[in-house]
Amino acid sequence: MTRKGPREDIDENDLVVSHTKDYAAGVPAVLVSMERAVEQMGIARTARTLTRLNQRHGFDCPGCAWPETPGHRKPAEFCENGAKAVAEEATLRTVTPEFFAAHRISELDEHTDYWLGQQGRLAHPMVLRPGSEHYEPIGWDDAYRLIGDHLRGLGSPDEAVFYTSGRTSNEAAFLYQLMIRSFGTNNMPDCSNMCHESSGSALTEAIGIGKGSVSVPDLEQADLILIAGQNPGTNHPRMLSTLEKAKANGARIIAINPLPEAGLRRFKDPQKVGGVLGRGVDIADDFLQIRLGGDMALFQGLGRLLLEAEDRAPGTVVDRAFVDRHCAGFEEYADHVRAVDLDTVVEATGLTMQQLEDTARALAESDRTVTCWAMGLTQQAHAVATIQEAVNLLLMRGMIGKPGAGVCPVRGHSNVQGDRTMGIWEKMPEEFLAALDTEFSIESPRRHGWDTVDAIRAMRDGRARVFMAMGGNFVAATPDTAATEQALRNCELTVQVSTKLNRSHVVHGRTALILPTLGRTDLDVQATGKQLVSVEDSMSMVHLSRGRLKPVSEHLRSEVAIVCRLARELLGSEHSVPWAEFEGDYDLIRDSISRVVPGCEDYNTRVRQPDGFQLPHPPRDAREFRTHTGRANFAVNALEWVPTPPGRLILQTMRSHDQYNTTIYGLDDRYRGVKGGRKVVFVSAADIAEMGLSDGQSVDVVSEWTTADDTVEERRVHDFRIVEYSTPRGNAAAYYPETNPLVPLDHVAAKSNTPVSKAIVVRLEPARAG
């Protein structure tokens, strides 16, 4: 196998802005997918990977968590961004010890996330010693010993932080949390803290479980689908095929988003003749271009209009049988929303009264309604309450626990939901901890640990001294970049278990380790032979993933092997957990999972079924609501929204089309007409004119945050190009991680502690050197 060296020839300053696209996918998606795949993997490797991607005897996509249709998989069961994700992981480029010898850490620190990611797969464990300018090779046993010495030297296990990315398999996640709890802490921040923590908080209070209640067939059978704060065309492209089927079955789709997104306008399925030669399928019947932070007002206004429709025709709108039998708090909710001022709703949302009435009518007439959402809702200061208001509308109409209806929080990263199921959470319930203790004869700590924001604070303040990340790019994923970087630099040791070079390798503790691991595409061979791992998709289906590619280096280790070897070093060879046996045979891990994790009984047998198995969901399965009232709970929330201060804008951070989470695949956002760069800010023509600026002008973006003592803190990013775009007045948008420095660490959602990346007060100033 020919291995290509790291890529150095990257120009990120050739920015061109053209027209936006009015459709997603089509022939361009196929061409871009193949171009990127062949460029990174070569023709033969491309054929071996893409034909197995998301197939029953292949491997699960390392990108998004959108499920496959049960019983039916296409020959090409992947999207453009899935192909890009595989190309990034299965690339032939490698980052060897010679690369680190040639590049000082200070030099790498000057490069962007895109440049770092394009260098290739990490090929050898590396260590950065205190005061050194270069990472240097280290043996695996020495690396484990170094970590063990640092952890054992802490004053308390709670001085360590263990982060997890959503790409970790169920088996690795289960063992990782087992090692951490055996060590004695619950400090387990994960990527969920920054995306759907608000969904979990809201749904657990409302229906008793923090997961969605629908399946792909439910969406296909729905009469009405609301898609709020979500961009399927870029973030979950395979969802568009499901929406196309729903449209064919007569569904009405309403898109609720500040930006018009190509995938919600029109979809051209490249696997169909109509998607190649025809115009494709119009997806959204209605587009509600809502102001940032106005979703809560929208849902409360719709609640009032539905109740008024019920008053005009009693028994036709509110599902009284469902409400009376299964719900608590309806009368209090009804009294509250009847008093909501619709003029305030219009002001907060930026919508017209006619749009509100039309949407309420669609909800009242639908027999099967699904509400989908993503981070446009979850990353608001009042995100939990907003999601509760969306659930209130479904409860009023009896839309939980019936075919074709329910809640659909669309998780982003593949297996982010599975990690939580396997115990990656800083406050797992007693039932799980007790089962874990019984299975392994350990004593798990009960004190809740730190989530992501609290972990950054702890490292910043010197209360945490060791940081370990199982995957991900912590620096680029988190808010308040300056605070996060300082927090990591305060640590005595930082450890990154990674497949690719990223920003978190150049922002490091006094000692730093890079441990290269296998990816989803890689063949994993242990003592008992080839191993399989399992993952959980966004709709609670658990299935197997089988890597097939020869690893690019003999020095790579699986995440399971890394955890098991580290645990033996840290906890000793006499520890009650059979770490060596687990490393050699992943079936043994699944046997233990079956006895610890609710719903995973007979795991090894059920996960080997053709499409795996679905975890239980009491509201969906039996209209059983395991809440504090024993019923589904209507929530009563004071109306909150986000007014725009004079001379300012409300900014949301978002992905480009050439990106998945913190991984930058390229510098083009084809659907929004941006090519060759990422430092842009999307602003309406009216706002540009009012601020005395011009389209194409270079500006600094300055965020303003008022602290608890009324001090105004400012954060600044430099040299962003203004792009005139269709956004609501007073709103703006820009890509992350470039704008993460603008998000204050203390700007978090109530209850969930999720960073508020969709409601940042900013001003634009003509660019100055900085």
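## A walk through a predicted model

Let's start with helix 3 (residues 80-89), which is mostly covered, as ten of its ten residues are buried. Charged residues are on that list too, among them Glu80, Lys84, Glu88 and Glu89. Keep in mind that this is a predicted model.

**Nonpolar cores**

Which residues touch the most other members of the largest nonpolar core? They are Phe174 and Leu175, in a core of 62 residues. Helix 8 (residues 170-183) gives this core its largest share, with nine residues. You can follow Leu175 to partners much later in the numbering, including Val560, Trp579, Phe582 and Ile589. There is also a second, separate core of 54 residues, and Ile256, Leu306, Leu307 and Val337 are among its members.

Another residue to look up is Val391, found in helix 21 (residues 383-396). Is Val391 buried or exposed? Its relative accessibility is 1%, so Val391 counts as buried. Leaving aside residues up to four places away in sequence, Val391 touches Leu203, Ala206, Ile207 and Val407.

**Aromatic rings**

Across the whole structure, a search finds 16 aromatic pairs. In one of them, the ring centres of Phe322 and Phe625 are 6.4 Å apart and the planes stand at 85 degrees, so this pair is edge-to-face. Because Phe322 belongs to helix 16 (residues 320-326) and Phe625 to the loop between helix 31 (618-622) and strand 24 (632-633), the pair ties together parts 303 residues apart in sequence. Phe322 counts as buried at 2% relative accessibility, and Phe625 counts as buried at 4%.

Elsewhere, ring pairs join Phe99, Phe100, Trp115 and Tyr135 into a cluster. Rings can have charged company as well: Arg606 lies over the face of Phe613, 4.0 Å from the ring centre, while the charged end of Arg655 sits over the ring of Tyr660, at 4.4 Å from its centre.

**Salt bridges**

Side chains of opposite charge can pair when their charged atoms come close. How many salt bridges does a search of the whole structure find? The total is 60. Here are three of them, with the distance between N and O atoms:

| Salt bridge | N to O distance |
|---|---|
| Asp22 and Arg266 | 2.9 Å |
| Arg503 and Asp109 | 2.7 Å |
| Arg565 and Glu583 | 2.8 Å |

Asp22 sits in the loop between strand 1 (16-17) and strand 2 (24-25), and Arg266 in strand 10 (residues 266-268), so their pair ties together parts 244 residues apart in sequence. Asp22 is partly exposed at 40% relative accessibility, whereas Arg266 is buried at 9%. In the second pair, Arg503 is buried, with a relative accessible area of 14%, but Asp109 is partly exposed at 28%. In the third, Arg565 is partly exposed at 37% and Glu583 is buried at 9%.

Salt bridges can also join up: Arg648, Asp700, Glu704, Glu714, Arg716, Arg763 and Glu765 are linked in a network.

**Strands side by side**

Finally, look at strand 31 (residues 712-724), which runs parallel to strand 29 (residues 680-683) and is joined to it by four bridges. Phe682 has Val723 as its bridge partner there. With strand 30 (residues 698-706), strand 31 pairs in the antiparallel sense over eight bridges, and Val699 is partnered by Phe720. Five residues lie between strands 30 and 31 in their hairpin, where Asp710 takes a positive phi near 65 degrees.

Methods: Residues are numbered from 1 along each chain as its sequence is written. This is a predicted model: local features need pLDDT of at least 70, side-chain atom pairs count only at pLDDT 80 or more; totals for chains, interfaces and linings use all residues. Side-chain values use heavy atoms; hydrogens and water are left out. Two strands pair if DSSP finds at least two bridges between them. Helices (H or I, at least four residues) and strands (E, at least two) are DSSP runs, numbered from the N terminus. Buried means under 20% relative accessible area, exposed over 50%, partly exposed in between (1.4 Å probe, protein chains only). Contact means heavy atoms within 4.5 Å. Rings of Phe, Tyr and Trp (its six-membered ring) pair if their centres lie within 6.5 Å; planes under 30 degrees apart count as stacked, over 60 as edge-to-face and the rest as tilted. A charge sits over a ring if NZ of Lys or CZ of Arg is within 6 Å of the ring centre and within 35 degrees of the ring normal. A nonpolar core is a set of buried Ala, Val, Leu, Ile, Met, Phe, Trp, Tyr and Cys residues joined through side-chain atoms within 4.5 Å. A salt bridge is a side-chain nitrogen of Lys or Arg within 4 Å of a carboxyl oxygen of Asp or Glu.
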